[in-house]
Amino acid sequence: MTVPPDTRLVKPVSAVVVALGIFWILTALGPLWLLWLSGRRLAMSDDYAAISSAALVALLLLLFIELHLIMKEGPTG
């Protein structure tokens, strides 16, 4: 059984290309929303800054511990 040749005019685009395109567009348009949200609207309260920085530190610590335990096990394949 032979497979017929691909006769579509437009070839399907991979999901990686679409994701990279969306990322590029959002990165290029990112500074525009900063112009709209200028001034006091982007101000962060001290409480929120403390909570968010503590959460980020906790996540990074968890990441490093998990990576250390995974690397300590060695290859299991």
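The protein chain in this predicted model has two helices and zero strands. Of its 77 residues, 3% count as buried, and the accessible surface of the chain comes to about 7600 Å², with 75% of that area belonging to carbon and sulfur atoms.

Helix 1 covers residues 15–36, and its length can be checked against its number of residues: at 1.5 Å a residue, the 22 residues should span 32 Å, which agrees with the 31 Å that separate the end C-alpha atoms. Within helix 1 there is nevertheless a kink of about 35° at Leu29, shortly before the proline Pro31.

Leu29 also belongs to a nonpolar patch on the surface, which it forms with Trp24, Ile25, Leu32 and Leu35, and these residues together have about 590 Å² of accessible area. One member of the patch, Leu35, is found in helix 1, and Leu35 counts as exposed because its relative accessibility is 64%, where the cut-off for exposed is over 50%. When reading the positions along a helix, it helps to recall that an α-helix has 3.6 residues a turn, so residues three or four places apart point the same way.

Further along the chain comes helix 2, which takes in residues 46–73. At 1.5 Å a residue, the 28 residues of helix 2 should span 40 Å, and the end C-alpha atoms are 41 Å apart, so the expected span and the model agree here as well. Just after helix 2 stands Gly74, which takes a positive phi of about 85°.

Methods: Residues numbered from 1 in each chain as written. Predicted model: local features only at pLDDT ≥ 70, side-chain atom pairs only at ≥ 80, totals over all residues. Heavy atoms only, no water. Patch = residues over 30% accessible without salt bridge, like charges linked within 9 Å, V, L, I, M, F, W, Y side chains within 5 Å. Areas by Shrake-Rupley, 256 points an atom, 1.4 Å probe, with all protein chains shown as cover. Salt bridge = Lys/Arg side-chain N within 4 Å of Asp/Glu carboxyl O. Helix = DSSP H or I, 4+ residues; strand = E, 2+ residues; numbered from the N terminus. Buried < 20%, exposed > 50% of the residue type's maximum accessible area, 1.4 Å probe, protein only. Expected span 1.5 Å × (residues − 1). Bend = angle between axes of the 7 residues up to and from the residue.
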